[in-house]
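Please look over the following model, which is then discussed in a short series of questions and answers.

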Amino acid sequence: AGDANMRSVWLCSRNDAIGNLAVILAAAGVFGTGSAVPDLIVALVMSGLALWSGLLIIAHARRDMVDSEQVHP
């Protein structure tokens, strides 16, 4: 709910929190396995999450623009 800016703040904050936890888990995975695979998996998941959030924000902003045009033609 709310406008696109508020939605963007929420999604970015959520992504930051998830990213911080994921980096810690990836570091533990890399340390435990000696492989870069956990780090690569987290990077892929985080990039997908960022792209998905960006698309959601764009869709929400477009709806806000359409709603604004209907109220103020």
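Q: How far apart do the end C-alpha atoms of residues 40–59 lie?
A: This is a predicted model, in which local features need pLDDT of at least 70 and side-chain atom pairs count only at pLDDT 80 or more, while totals for chains, interfaces and linings use all residues. Residues are numbered from 1 along each chain as its sequence is written, and side-chain values use heavy atoms, with hydrogens and water left out. Residues 40–59 are 100% helix and 0% strand (helices being DSSP runs of H or I of at least four residues, strands runs of E of at least two, both numbered from the N terminus). The distance between the end C-alpha atoms of this span is 29 Å.

Q: Which residues does UniProt list for "transmembrane region"?
A: The UniProt entry is unreviewed, and its annotations, given here in the numbering used for the model, may be inferred rather than shown by experiment. One listed span is 94% helix and 0% strand, with its end C-alpha atoms 25 Å apart. The record lists residues 17–34 and 40–59.

Q: What radius of gyration does the protein have?
A: The C-alpha trace spans about 60 × 15 × 10 Å along its principal axes. By the globule rule (2.2 Å times the number of residues to the power 0.38, with the radius taken over C-alpha atoms), a compact globule of 73 residues would have a value near 11 Å, but the protein has 17 Å.

Q: What share of the residues of the protein counts as buried?
A: Buried means under 20% relative accessible area, exposed over 50%, and partly exposed in between, with a 1.4 Å probe and protein chains only. Of the 73 residues, the share that counts as buried is 19%.

Q: How far apart in space are Arg63 and Asp3, C-alpha to C-alpha?
A: Arg63 has its place in helix 2, which covers residues 37–71, and counts as partly exposed because its relative accessibility is 47%. In sequence, Arg63 and Asp3 are 60 residues apart, whereas in space their C-alpha atoms are separated by 9.3 Å.
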